[in-house]
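User: I'd like to learn how to read a structure like this one, feature by feature. Can you walk me through it, starting with the salt bridges?

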Amino acid sequence: MPMKLVELAAGISGELLHWTVCLAPWSEINIERLAKMALPSTIYKVSIQLSDVDRGIYESLQATVAKHPSETNERLVARLLAWGIFYEADLAFTKGICATDEPDIWLTGPDGRVMLWIEAGLPDSDRIVRACRHSERVALLASGKALSNWDQQHLSKLGGLSNLTVVSLEQLFINRLADMLERSFDWSMTITEGTVYLTVNGDTLETSINVKYGTLTVG
């Protein structure tokens, strides 16, 4: 079967980027995946009225967050929930899945040292161990359809990491928020006695914070 050349182009930040990929055989090409590489990110504007009674934190948060074409709505929601659950002043969103050497959210010191490394999803345990070695503290909101498998394969490998916290939420809670996602939205998020109450568009959802490893501490 002959070789094929596929060219993809996308407008990003006013510039035209091209990908030329040499692929063979043609039948093995994942066209959908290649197309997603060429699409621009989707921008979301979010406001969160955060009342973390457990940690004594009360803040009005605003952010503009980019969702990569390969990122699901559920993962975007998990990132935003992690921002609220682990909130500290001066936290910043990174480039997300586009930057493999960065977390989803972090807090850096004046010298560039990572004071708080926050991830959402189901990262490999080796990645978390490396983050703990190079960061003051690491927090993970473990979320995804394969969470139970991740627990069995990776959670036991995280023993002895004193600067790590791992929590999870009910996946149904995350899924419902993902279904309600709009390009601009407001959340009212209250955390008390280990339970998250989140109000959006007049509907209030709730879920318990399951601490899988470490402890939730005051920021």
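Analyst: Sure, and keep in mind throughout that this is a predicted model. Let's begin with burial: the cut-off is under 20% relative accessible area, and D52 sits at 2%, so D52 is buried.

User: Which residue does the side chain of D52 meet in a salt bridge?

Analyst: R55, with an N to O distance of 2.9 Å. Check the partner's burial too: R55 has 11% relative accessibility, so R55 also counts as buried.

User: How many salt bridges does the structure hold?

Analyst: There are 8. When you go through a set like that, ask where each partner sits along the chain. Take D104 and R75, whose side chains form a salt bridge at 2.9 Å, N to O. D104 is in the loop between β5 (92–93) and β6 (105–108), while R75 belongs to helix α2 (residues 73–85), so this pair ties together parts 29 residues apart in sequence. D104 is buried as well, at 3% relative accessibility.

User: And what about K212 and D151?

Analyst: Their side chains meet in a salt bridge too, at 2.7 Å from N to O. K212 comes from strand β13 (residues 210–213) and D151 from helix α4 (residues 147–154), so the link spans parts that are 61 residues apart in sequence. K212 has a relative accessible area of 21%, so it is partly exposed. One more thing to look for is shared partners: E71, R75, R79 and D104 are joined into one network by salt bridges.

User: Let's move to the fold. What are the counts of helices and strands in the protein?

Analyst: 5 helices and 13 strands. For a sheet, read the strand order before anything else. Here an open sheet of 5 strands runs β4-β3-β10-β11-β12, and its pairing is mixed.

User: Which strands are at the edges?

Analyst: β4 (57–67) and β12 (203–208), each of which pairs on one side only. Going from one strand to the next, the twist averages 20°.

User: How do strands β10 and β11 run relative to each other, parallel or antiparallel?

Analyst: Antiparallel, with 5 bridges joining β10 (residues 184–192) to β11 (residues 195–200). You can follow the pairing residue by residue: T192 has T195 in β11 as its bridge partner.

User: Which helices should I look at against that sheet?

Analyst: Look at what each helix touches, then at its direction. Helix α5 (residues 171–179) packs on the sheet and touches β10, β11 and β12, making about 150° with the direction of β12. Helix α2 lies across β3 (42–52), β4, β10 and β11, and runs at about 150° to β4.

User: How do I get a feel for the protein overall?

Analyst: Try a few whole-protein values. Buried residues account for 43% of the 219 residues. Of the contacts between residues at least 6 apart in sequence, 51% join residues at least 24 apart. The accessible surface is about 11900 Å², and carbon and sulfur atoms make up 49% of it.

User: What is the mean pLDDT of the protein?

Analyst: It's 85, and 80% of the residues reach 70 or more. Don't stop at the mean, though; check for stretches that fall below it.

User: Where does pLDDT stay under 50?

Analyst: Over residues 1–29, for which the model has 46 contacts beyond four places in sequence. Where pLDDT is low, the predicted coordinates shouldn't be read in detail.

Key. Residues numbered from 1 in each chain as written. Heavy atoms only, no water. Helix = DSSP H or I, 4+ residues; strand = E, 2+ residues; numbered from the N terminus. Buried < 20%, exposed > 50% of the residue type's maximum accessible area, 1.4 Å probe, protein only. Contact = heavy atoms within 4.5 Å. Areas by Shrake-Rupley, 256 points an atom, 1.4 Å probe, with all protein chains shown as cover. Salt bridge = Lys/Arg side-chain N within 4 Å of Asp/Glu carboxyl O. Pairing = 2+ DSSP bridges. Axes fitted to C-alpha atoms, helices over the stretch in contact; angles between N-to-C directions. pLDDT = per-residue confidence, 0-100.
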